[in-house]
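Work through the exercises below with the structure at hand. Try each task before reading its solution.

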Amino acid sequence: MNSFKSFRKKVAPPESTGGAGESFENRVNGLFAVLMLCNGELTILPGLKVSRLEFQTNDRGYELDDTLIVLRDSKGDETKILAQIKRSLKLIESNKEFRETITGAWSDYNNRNLFNKDKDYCLLATGPLSSKDTNAIGWLCNRARYCDVDDEFETVPKYDLIIVSLLSLSTSS
């Protein structure tokens, strides 16, 4: 009986091993693929159309490496969105995955070889957030939007670094 109990405790939950995160990532990437195939625009970036998608871009030096979305305007100028896609994420300092995501976003944002601060974006796509997390993201995005210089924004506590844009999708079918 005791050996069965210890075995049960070692088994990973189905969400961890059953591909739930990959399924969510595929759904998000599917939205971008549909926009690309239909010559559509993102509502948050009017005038820009998805022209190319690249997946798992860590080998190219990106920290936000799930998806690179390349957009073009009518003149052919490119804008990039570096996306990190998480089925669920607790937006708290003690959450290692959250800290790594924010640190990665900050690293990419400050990498002049990969990111143009004047026109590129970092994106965290996640499933539904709690109301507390939604309010915190709203505060953080507003703070980032109204800071005149990067140095001013860097006064935000380290665990509140930056999420330039947030896309929240429902995980329900």
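## Exercise 1: Two cysteines

Cysteine 122 is buried, with a relative accessible area of 3%. The model is predicted.

**Task.** Classify cysteine 38 as buried or exposed, and state how many disulfides the structure holds.

**Solution.**
1. Take cysteine 38. Its relative accessible area is 59%.
2. The cut-off for exposed is over 50%. Cysteine 38 is therefore exposed.
3. Cysteine 122, at 3%, is buried.
4. Now count the disulfides. The structure holds zero.

## Exercise 2: The overall fold

**Task.** Give the order of helices and strands in the protein chain. Then state what share of its residues is buried.

**Solution.**
1. Count the elements. There are six helices and five strands.
2. Read from the N terminus: α-α-α-β-β-β-α-β-α-α-β.
3. Turn to burial. Of the 173 residues, 37% count as buried.
4. Look at the surface. The chain exposes about 10,800 Å², and carbon and sulfur atoms supply 50% of that area.
5. Check the contacts with a separation of 6 or more. Residues 24 or more positions apart account for 53% of them.

## Exercise 3: An aromatic cluster

**Task.** Describe the geometry of the pair formed by tryptophan 106 and tyrosine 109. Then find which residues the ring pairs link into a cluster.

**Solution.**
1. Count the aromatic pairs. The structure holds two.
2. Take tryptophan 106 and tyrosine 109. Their centres are 5.5 Å apart, with 20° between the planes, and the pair is stacked.
3. Place both residues in sequence. They are three residues apart in helix α4 (residues 96-109), and so are separated by about one helical turn.
4. Check burial. Tryptophan 106 is buried at 14% relative accessibility. Tyrosine 109 is buried at 12%.
5. Go on to tyrosine 109 and phenylalanine 115. Their ring centres lie 5.4 Å apart and their planes are at 55°, so this pair is tilted.
6. Tyrosine 109 and phenylalanine 115 are both buried.
7. Join the pairs. Trp106, Tyr109 and Phe115 form a cluster.

## Exercise 4: The nonpolar cores

**Task.** Identify which residues of the largest nonpolar core touch the most other members. Then name the elements that each supply at least two residues of this core.

**Solution.**
1. The largest nonpolar core has 15 residues; Phe32, Ile69, Leu71 and Ile81 touch the most other members.
2. Sort this core by element. α3, β1 (49-55), β2 (67-72), β3 (78-86) and β4 (121-126) each supply at least two residues.
3. Follow isoleucine 69. Leaving aside neighbours within four places in sequence, it contacts Phe32, Val50, Arg52, Leu53, Thr79, Lys80, Ile81 and Ala83.
4. Apart from the largest core lies another, of eleven residues, among them Leu64, Ala105, Tyr109 and Leu114.

## Exercise 5: A buried asparagine

**Task.** Locate asparagine 29, and list what it touches beyond four places in sequence.

**Solution.**
1. Asparagine 29 is found in helix α3 (residues 20-37).
2. Its relative accessible area is 7%. The cut-off for buried is under 20%, so asparagine 29 is buried.
3. Leave out residues up to four places away. Asparagine 29 then touches Leu53, Phe55, Thr67 and Ile85.

## Exercise 6: Salt bridges

**Task.** Say which parts of the chain are linked by the bridge between aspartate 120 and lysine 80. Then find the residues that shared partners join into one network.

**Solution.**
1. A search of the whole structure finds seven salt bridges.
2. One joins aspartate 120 and lysine 80, at 3.9 Å from N to O.
3. That pair links distant parts of the chain. Aspartate 120 is in the loop between α4 and β4, and lysine 80 is in strand β3, 40 residues apart.
4. Aspartate 120 and lysine 80 are both buried.
5. Another bridge joins lysine 86 and glutamate 97, with the closest N and O atoms 3.2 Å apart.
6. Lysine 86 lies in strand β3 and glutamate 97 in helix α4, so this pair ties together parts eleven residues apart in sequence.
7. Compare burial. Lysine 86 is buried at 15%, whereas glutamate 97 is partly exposed at 35%.
8. Now build the network. Salt bridges that share partners join Arg52, Glu54, Arg60, Arg72 and Glu78.
9. Within it, arginine 72 bridges glutamate 78, with the closest N and O atoms 2.8 Å apart. Arginine 72 is partly exposed at 33%, and glutamate 78 is partly exposed at 27%.

Definitions and conventions
Residues numbered from 1 in each chain as written. Predicted model: local features only at pLDDT ≥ 70, side-chain atom pairs only at ≥ 80, totals over all residues. Heavy atoms only, no water. Helix = DSSP H or I, 4+ residues; strand = E, 2+ residues; numbered from the N terminus. Buried < 20%, exposed > 50% of the residue type's maximum accessible area, 1.4 Å probe, protein only. Contact = heavy atoms within 4.5 Å. Areas by Shrake-Rupley, 256 points an atom, 1.4 Å probe, with all protein chains shown as cover. Disulfide = S-S within 2.5 Å. Phe/Tyr/Trp six-rings, centres within 6.5 Å; stacked < 30°, edge-to-face > 60°. Core = buried A, V, L, I, M, F, W, Y, C linked by side-chain atoms within 4.5 Å. Salt bridge = Lys/Arg side-chain N within 4 Å of Asp/Glu carboxyl O.
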